[in-house]
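Biologist: Could you take a close look at one part of this model for me, the nonpolar core, and then at any odd backbone angles in the loops? Plain talk is fine.

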Amino acid sequence: MCLGIPGRVVTMLDGYGDQLALVDVAGEHRKVNVGMLPEETFSPGDWVIIHMGFVVEKTDRAGADAALAGLQLMGRGESVTGAEDPP
């Protein structure tokens, strides 16, 4: 698993060598490049992990949830139940 930002494909964008997707990331739509995974196909509803504007992994809902949990543990997002705040 790569620690990146999870998102869900909304649509593939025309042009750009079929390498751009519109992805929902926490309610915001972002254009991301899927060109690093030429062997994969992407469709609306697919879950992906994004790093610096590039899709680095195609995943499922469980993988997206795990990535979000990792970000939360690093203090990026909502608090994790039972975690203590730093002094």
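Modeller: Sure, let's start with the loop between β1 (5-12) and β2, where aspartate 18 is found. Strands here are DSSP runs of E with at least two residues, helices are runs of H or I with at least four, and both are numbered from the N terminus. Bear in mind that this is a predicted model, where local features need pLDDT of at least 70, side-chain atom pairs count only at pLDDT 80 or more, and totals for chains, interfaces and linings use all residues. Residues are numbered from 1 along each chain as its sequence is written, and side-chain values use heavy atoms, with hydrogens and water left out.

Aspartate 18 has a positive phi, near 55°, without being a glycine. It counts as exposed because its relative accessibility is 59%; the cut-offs are over 50% for exposed, under 20% for buried and partly exposed in between, with a 1.4 Å probe and protein chains only. Methionine 52, in the loop between β4 and β5 (54-59), also isn't a glycine and has a positive phi of about 55°. At 71% relative accessibility, methionine 52 is exposed.

Now the core. The largest nonpolar core (buried Ala, Val, Leu, Ile, Met, Phe, Trp, Tyr and Cys residues joined through side-chain atoms within 4.5 Å) has 11 residues, among them Ala21, Leu37, Phe42 and Ile50. Two or more of its residues come from each of β2 (20-25) and β4 (47-51), and β2 gives the largest share, three residues. Beyond its neighbours within four places in sequence, alanine 21 is in contact (heavy atoms within 4.5 Å) with Thr11, Met12, Leu13, Arg30, Lys31, Val32 and Val34.
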